[in-house]
Amino acid sequence: MSTRALRWAIPLAVVPVLVLLAYGFRTDPHAIPTPLLGKPASPFTLTAFDGKPISLEALRGKVVVLNFWASWCVPACYDEAPSLERGWQAYRDRGVVLIGINIQDKEEPARRFLAQFNHTFPNAPDPLGRVSVDYGVYGVPETFFIDRKGQVRFKQIGAITDEIMKQQVEKLLAEPA
Amino acid sequence: MTVGAPEIGYALTVIGFALALWGAGAAVLGARGGRPALVTSAERAAVGAWALVSAALVLLAYSFLTFDFSIRYVATNTNLGTPFYYRITAVWGALEGSIILWAWMLGLYTFIVVRRYRRRQPALYPWVLAVMLSVLAFFLLVMTVPAPPFQRLDPVPADGRGLNPLLEDSGMITHPVALYLGFTGFTVPFAFAVAALITGRVGDFWITTTRRWTILAWYFLSLGLLIGGWWSYHVLGWGGYWAWDPVENAAFMPWLTATAFLHSVMIQERRRMLKLWNLTLIILTFSLTLFGTFLTRSGIIGSVHAFTQGSIGIFFLVFLSLVMLGAFSLLAWRLERLRGQSELDSIFSRESAFLLNNLFLIAAAFTVFFGTVFPLLSEAIKGQKVSVGAPFFNLVNIPIFLALIFLMGVGPLIAWRRASAENLRRNFLMPVVIGVAGAALCRALGVGNLIVLCCMGLVAFVAATIALDFWRAARARRRTGDGWLDATWGLALRQNRRYGGFIVHLGILVVALGVAGSQAWSTQTEATINRGASVELAGYTIRFDDLQPVEESNHFKVVGTFTVSDRRGPYTVLTPAKKFYPQEQTPIAAVDYRLGFMEDLYLVLGDFARDGSHATIKVQINRMVSWLWIGGLILTLGAALAIVPEPRRTATRSRPEHAVVA
Amino acid sequence: MIRARTVTLALIAALAVAAPLAAAPVSEETVHEIGAQLRCVVCQSLSVADSPSETANQMRGIIRERLAAGDSPEQVKAYFVEKYGLWILLAPPRQGFNLLVWVVPFAALGAGLVLVVLLVRRWSRRPAGASPVPAPDAAMRARIHREMAEREP
């Protein structure tokens, strides 16, 4: 290669790499998009902390909000807990079911968590992680919004807020069964 | 405004930054205008900056030791229960502290440069000083703006958060120190390279002057990598020493290019070739050290090592861009002086072996780089997140490393310029035979894996070449009357570079053997057993005896007691534990192990029942892992030998390898 | 009646034999192998086989369960990809854009080799400066030893 061409080529060759690294600032390595959107939600049957069975299939036709949590998940699960209870109180009579699934936890701390926030919606432990893997859960808290037809429509990674809850639930309630 | 440790520390940092910046500017002006007064002023600024950084470091350590929670960094990384020695190592345990450590080492090296080269290299020296002070200024800038270690915390909390429990380990004392000594060490050869480019003195001068720096930096980097492996092995609880984690890769890449650089400068010294290439290599190596720190601190690639983000990533990317574009532009500017007169006599020569060595090392570095940034590329172009991990890196790198092992045997013994058939036969016939025999022996011992067989054969081949060379040379000396011991010792000292290099190669061989052996022959199992029951693996019986809670100064742990027996009877009692730290969300596994020369017994406690009635235990028999650490020791000896100053004699370029004809 | 009962008994007997056959024995090796190709979601770079975390533990349990239910290793991996996306695989599949990561390093190595060969040939085409120093042969070596013995005290 002629010296002239090389003169320019050498420094310029560096530029694409730097551009790629700069692009890296726009990505978040911890936010993995879920492949489950638009797909049917996996059915499951769990036994709640109060002993009653919870089955996803039985809830077809309702909007289901599935929240994965753990008592050791500080501070996010603790931050979102009041929002969940509020959301439950607001929508339980409108055909929305909120289910909490407790993963990788021990029974006592889990019950204490529930008692602390006075959760009245059904909560069940997922002892072997079958359900959490079935939903591609990789951290807590994560919340899934399932529409009346049983399809996963939205996944919230991290603590949920009143606004997000309202926004997603209202959207899905407006849709026909 | 309250004036306490945070304010004092911050003031020290700011003044230090100002001094370094002034010094860099003064050095540049002094060099350009030929004004020694400015250069002297820059020197004083350099010494002053280092003194201030040292003071800041001491202040930080003091704050840690006295639990000064008014400093945010102290409050985040220690609490009242942290043991005393960990309070000191916590100084560099997180982002801000790591920068201050880096800056301190840079300051130290700059100080040494001032002392050593002020008189000896009047032409290059001012520019070297300018470059080093610029880099120092950058790190001090980082300490001032995005990552200040001396931020005040208001109100002062009663107790701190605590050190990351994974860092409460002896590895924490040595790993970052060794690694950073390596990283920062490459600043010096880089500074000399830039000085050479600016002044146009692109001959061998800058290389011979910085030879020892390069070896030392390379050695510390190797040490840092090995200690990192050791730390991973005995703390992280997965029984492995290398995970191809992006940050591990970030430290490995400069090691690869530095190794290539170490070798290819030998060609330049001998044959005045490859000037352009050597300059490129050192620029790449230094850039990769910056890239490594960028990767750890920018948050663009998630990693188990990663410190947190913030704007610091942008600072590093901008600086990295300036360094790379600037240095390569200088290179391009001096292109004519660097090209031309490359001559090779034959493909079968040491020069070719070194070229191949460089090729494979750079290929490995490129592979690691490409694999590390590919997830980013995939997301940028296809919008899809993928992972690139061990299966990829192992697949591509293993053949490259095998080829490098082969070259380790060929390189040192093949003749410069042209290797005759006689030379090849004399030097390699026996080692090749031994290599094949070694592989055959392994096959006979039951090894089926082709890669392991190749590795063993190659290692035997290389070991034989080293032994052959030592023996022949010592025998030659013996003919003049020395005993064997004297002959070998004298040989090693007189040609310390060569024999230091051999010992380093030997160390690498031992590490390679350890890697191959541990991959091929380690075994493991996992089981949930009741109290009193046992699990068996590879001739060992591990019986679950007990589970006890224990309270420590800053954490609570549950310790399992396991009696291990082999065929002969009870062998040892291991106590793996699960540690619960208040500041951590999930428990940390505390592994217990018993190290051996050929095999390590390794126990990880998994889940357990509250009442201790049963527990999940993971048992690993890791074979030949100790060879990695032993290899590291051998490497240390070799590097030490290679840096030993030569006895004062008239400097000759050629070593006594050609025939001495009266 | 009798026939119905016989048939029922036969069916039950058949099921009793078939049931243990349906639960295929699962080797820890296979679990480990599959686990080594999956990324532990909470540790970033460790595989499910290696990771000591609880999540990885549970995932290993699921792998065991699926293998026991008759899934092939490929099907088990496909299950995880379905739930987590391609990201869960520790190395991307060799198709489409991802083929690049597998091919480029080898291509680069190959290109480098070609470059080195070309350079070596170009540089060795020019006649060497001084005649190369002849490698010592046996006679010369003997002479060297003799002279060294004479020289050194």
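Two residues are in contact when they have heavy atoms within 4.5 Å of each other. Keep that in mind as we walk through this structure, which is a predicted model.

Let's start with chain C. Among its contacts between residues at least 6 apart in sequence, 43% join residues at least 24 apart. What is the chain built from? Its secondary structure comes to six helices and zero strands, so if you read along the sequence you meet the pattern α-α-α-α-α-α. Chain C has 153 residues, and buried ones make up 33% of them.

Now zoom in on a pair of those helices. Two packed helices are described by the angle between their axes and the distance between the axes. In chain C, helix H2 covers residues 28–35 and helix H3 covers residues 54–68; they pack at an angle of about 125°, with their axes 10 Å apart. That angle makes H2(C) oblique to H3(C), and the crossing is right-handed. Which residues meet there? From H2(C) come Glu28(C), Thr30(C), Val31(C), Ile34(C) and Gly35(C), and from H3(C) come Arg60(C), Ile63(C), Arg64(C) and Leu67(C). Sort the residues of this contact by character and you get four nonpolar, two polar and three charged.

Time to hop over to chain B. Its pLDDT averages 87, and 95% of the residues score at least 70. Residues 649–662 of chain B are another story: there the pLDDT is below 50, although this stretch has 19 contacts in the model beyond near neighbours in sequence. Where pLDDT is low, the predicted coordinates should not be read in detail.

Let's look at a couple of threonines in chain B. Thr465(B) sits in helix H17, which runs over residues 450–478. Is Thr465(B) buried or exposed? Its relative accessible area is 1%, and because buried means under 20%, Thr465(B) counts as buried. Setting aside neighbours within four places in sequence, Thr465(B) is in contact with Gly409(B), Leu413(B), Phe428(B) and Pro431(B). You can also check how far Thr465(B) is from Ile434(B): they are 31 residues apart in sequence, and 9.6 Å apart in space from C-alpha to C-alpha.

Thr572(B) belongs to a strand, E5, made of residues 569–574 of chain B. With a relative accessible area of 13%, Thr572(B) is buried. And what does Thr572(B) touch? Not counting residues up to four places away in sequence, the list is Phe562(B), Thr563(B), Val564(B) and Arg594(B).

Terms used
Residues numbered from 1 in each chain as written. Chains lettered and ligands numbered in written order. Predicted model: local features only at pLDDT ≥ 70, side-chain atom pairs only at ≥ 80, totals over all residues. Heavy atoms only, no water. Axes fitted to C-alpha atoms, helices over the stretch in contact; angles between N-to-C directions. Helix = DSSP H or I, 4+ residues; strand = E, 2+ residues; numbered from the N terminus. Parallel < 35°, antiparallel > 145°, perpendicular 65-115°, else oblique. Left-handed = near helix turned anticlockwise from the far one by under 90°. Nonpolar A, V, L, I, M, F, W, Y, C, P; charged D, E, K, R; others polar. Buried < 20%, exposed > 50% of the residue type's maximum accessible area, 1.4 Å probe, protein only. pLDDT = per-residue confidence, 0-100.
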